[in-house]
Amino acid sequence: MLSVIPNPPRIALPIVGSADLFPVRRVYCVGRNYAAHAREMGKDPEREPPFFFMKPADALQIVAGSEAVDHPYPPRTENYHFEVEMVAALSVGGADIAEASALDHVYGYAVGLDMTRRDVQDEAKRLARPWDLAKAGDASAPIGPLHPASAIGHPDRGAITLAVDGTERQRGDLSEMLWSVPEQIAYLSAYFTLHPGDLIFTGTPSGVGAVTRGRTMRAAIDGLGAIALRVV
């Protein structure tokens, strides 16, 4: 049986220390998972239940090398924001996963960015509408190579930063997450059956802000390296 259109390519991430690739299925993102970021978004940082949104897998922009790559400034926004995040990649799926065993489902981790049309998101919030136009744009999820947990363990502390043209704009620590990676996995799996290839963007620290064409972003996490993108 033939496809009536060309088959869309499967997005796959490079893996540090391997020629193999990690195919991606879904991309989940947790919102306001650092207290200081919740405050700067005008919300109470109390530990309320987490909430999630999604990005399409083909929104991923893979940044494999150490040199800055071009990142397209999207249409229909005048307030385009960066959010540095650690990304967890699942190699084992399941439903109603126990928090105590959740990390057994994680293949590895990467540096990621949740790029956001903030003006579009603010309007969606005002009108009580979904965030898709703000969060799910083309190339809205830059991501670096995966570091296998078998090599680095499961990071639960360490600096997470973002700089624009060499000036630091975001700084936090992974230990400041309101909801840990195993807690996020357990919570998500109560609503979705998770599968191998799923990614979870685990939240951003405070300091999110706008970036314009001609600027270069450098996102870094202790133990996971850095990625750099030049906005064009």
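Q: Which residues are linked in a network of salt bridges?
A: Let's start with charged side chains in this predicted model. Side chains of opposite charge can pair when their charged atoms come close. Here several such residues join in a network of salt bridges, and its members are Lys55, Glu83, Asp114, Arg118 and Lys135.

Q: How many salt bridges does the structure hold?
A: The network that includes Lys55 and Asp114 is a good place to begin looking. For the structure, the count of salt bridges is 10.

Q: How far apart in sequence are the parts that lysine 55 and aspartate 114 tie together?
A: These two residues form a salt bridge, with their closest N and O atoms 2.8 Å apart. Lysine 55 belongs to strand S4 (residues 52–55), while aspartate 114 sits in the loop between strand S9 (106–113) and strand S10 (116–117), so the pair ties together parts whose separation in sequence is 59 residues.

Q: Are lysine 55 and aspartate 114 buried or exposed?
A: A residue counts as buried when its relative accessible area is under 20%. Lysine 55 has a value of 4%, and aspartate 114 has a value of 1%. So lysine 55 is buried, and aspartate 114 is likewise buried.

Q: Which strands does the salt bridge between arginine 230 and aspartate 70 tie together?
A: The closest N and O atoms of arginine 230 and aspartate 70 are 2.5 Å apart, and the two form a salt bridge. The pair connects parts that are 160 residues apart in sequence, because arginine 230 lies in one strand and aspartate 70 in another: S18 (residues 225–231) and S6 (residues 69–71).

Q: What is the relative accessible area of aspartate 70?
A: Its salt-bridge partner, arginine 230, is partly exposed at 33%. Aspartate 70 is also partly exposed, and its relative accessible area is 44%.

Q: How many residues apart in sequence are the parts tied together by arginine 215 and aspartate 165?
A: The side chains of arginine 215 and aspartate 165 meet in a salt bridge, 3.0 Å from N to O. Arginine 215 is in the loop between strand S16 (209–210) and strand S17 (216–221), and aspartate 165 is in the loop between strand S13 (159–164) and strand S14 (167–173), so the parts they tie together have a sequence separation of 50 residues.

Q: Which strands are the edge strands of the open sheet that holds S10, S7 and S16?
A: This open sheet has 3 strands in the order S10-S7-S16, with antiparallel pairing. Strand S7 (residues 80–82) is joined to S10 by 2 bridges, and tyrosine 80 stands opposite arginine 117 in S10. An edge strand here pairs on one side only, and the two that do so are S10 and S16.

Q: How many residues of helix H5 are buried?
A: Helix H5 covers residues 181–188 and is largely enclosed by the rest of the structure. The buried ones include Val181, Ile185 and Leu188, and the cover over them includes strand S3 (27–30), S4, S8, S9 and strand S15 (199–201). Of the 8 residues in H5, the number buried is 7.

Q: How far apart in space are alanine 98 and alanine 186, C-alpha to C-alpha?
A: Alanine 186 is one of the buried residues in H5. Alanine 98 lies in the loop between strand S8 (84–90) and S9, and this residue is partly exposed at 41%. The two alanines are 88 residues apart in sequence, yet from C-alpha to C-alpha their distance in space is 5.7 Å.

Definitions and conventions:
Residues are numbered from 1 along each chain as its sequence is written. This is a predicted model: local features need pLDDT of at least 70, side-chain atom pairs count only at pLDDT 80 or more; totals for chains, interfaces and linings use all residues. Side-chain values use heavy atoms; hydrogens and water are left out. A salt bridge is a side-chain nitrogen of Lys or Arg within 4 Å of a carboxyl oxygen of Asp or Glu. Helices (H or I, at least four residues) and strands (E, at least two) are DSSP runs, numbered from the N terminus. Buried means under 20% relative accessible area, exposed over 50%, partly exposed in between (1.4 Å probe, protein chains only). Two strands pair if DSSP finds at least two bridges between them. Contact means heavy atoms within 4.5 Å.
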